[in-house]
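Here are my notes on the model you sent, set out as numbered points. Please read them with the structure open.

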Amino acid sequence: MGKGAGLRSECSRIADLSSSGEHKPAVDAAREAEVAGVECSPEILKAVESSSSKLHKADSYVHKAVKRRKEGNLLSARANLDLALEIYPKYYWVQTLKKNVDRSIQAELDSLVNEASYLESRGDPDGALSRIQDAVKLSPGDEGLR
């Protein structure tokens with residue numbers, strides 16, 4: 001196989017990565033190809049530009065999520081991570097970060113439910129109700145809290 005065929009093959013691989021939603025590998029491969037002097041077609045360069053743009057947008061959601069988590073706003077953190085994963089579902093470390101946020105939400109829910117039980121057992125139904133209402137805000141779809 002000649003050098004030209006190898007270059008076309010690399011450009012095809014980049015295009016395949018981009019079209020399959022593998023945005024980071026596509027952008028990385030395009031950078032490596034550029035350094036190696038490989039010139040791909042304008043269509044492939046446009047696809048790589050699109051992948052790069054999607055990656056930047058996903059990253060902006062991740063940065064917002066990290067900020068919201070530090071502020072203690074777990075629901076907003078999870079929502080931003082969901083948006084990032086809609087753009088780039090194969091973003092492994094974002095999947096991991098979302099699992100950690102989900103665990104934090106579950107821990108907070110468990111704590112609120114335990115506090116509600118304690119307050120109820122101590123004769124403070126208003127305090128217990130307040131904790132349950134906070135838990136419902138964290139997990140509005142949880143029928144067990146109603």
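1. Is the crossing of helix 3 and helix 4 left-handed or right-handed? The crossing is left-handed. Please keep in mind throughout that this is a predicted model.

2. Helix 3 covers residues 42-70 and helix 4 covers residues 74-87; their axes come within 8 Å and cross at roughly 165 degrees. Because angles over 145 degrees count as roughly antiparallel, helix 3 is roughly antiparallel to helix 4.

3. The contact between these two helices can be listed by residue. Helix 3 contributes K54, K57, A58, Y61, V62, K64, A65, R68 and R69. Facing them in helix 4 are L74, S76, A77, N80, L81, L83, A84 and I87. By class, the residues of this contact are 10 nonpolar, 2 polar and 5 charged.

4. The largest nonpolar core holds 20 residues. Within this core, the residues with the most contacts are V62, L81, A84, Y91, V94 and I105. Two or more residues each come from helix 3, helix 4, helix 5 (92-121) and helix 6 (125-138). Helix 5 gives the largest share, 6 residues. Three of the names above, V62, L81 and A84, also appear in the contact of helix 3 with helix 4.

5. Y91 deserves its own entry. Once residues up to four places away in sequence are set aside, Y91 touches L55, A58, D59 and L85. A58 is also among the helix 3 residues that meet helix 4.

6. There is a second, separate core, made up of 11 residues. I14, L17, A33 and V48 are among its members.

7. V48 turns up again in the surroundings of S18, a residue of helix 1 (residues 3-19). Is S18 buried or exposed? S18 has a relative accessible area of 9%, and is therefore buried. Beyond its neighbours within four places in sequence, S18 is in contact with H23, A26, A47, V48 and S51.

8. L75 lies in helix 4. Its relative accessibility is 30%, so L75 counts as partly exposed. Which residues does L75 contact, leaving aside neighbours within four places in sequence? They are I105, K137 and L138. L75 and I105 are 30 residues apart in sequence, yet their C-alpha atoms are 7.9 Å apart in space. I105 is also one of the residues with the most contacts inside the largest nonpolar core.

Definitions and conventions. Residues are numbered from 1 along each chain as its sequence is written. This is a predicted model: local features need pLDDT of at least 70, side-chain atom pairs count only at pLDDT 80 or more; totals for chains, interfaces and linings use all residues. Side-chain values use heavy atoms; hydrogens and water are left out. Axes are lines fitted to C-alpha atoms, for helices over the stretch in contact, and angles run from 0 to 180 degrees between N-to-C directions. Helices (H or I, at least four residues) and strands (E, at least two) are DSSP runs, numbered from the N terminus. Angles under 35 degrees count as roughly parallel, over 145 as roughly antiparallel, 65 to 115 as roughly perpendicular and the rest as oblique. A crossing is left-handed if the near helix is turned anticlockwise from the far one by less than a right angle, and right-handed if clockwise. Contact means heavy atoms within 4.5 Å. Ala, Val, Leu, Ile, Met, Phe, Trp, Tyr, Cys and Pro count as nonpolar, Asp, Glu, Lys and Arg as charged, and the others, Gly among them, as polar. A nonpolar core is a set of buried Ala, Val, Leu, Ile, Met, Phe, Trp, Tyr and Cys residues joined through side-chain atoms within 4.5 Å. Buried means under 20% relative accessible area, exposed over 50%, partly exposed in between (1.4 Å probe, protein chains only).
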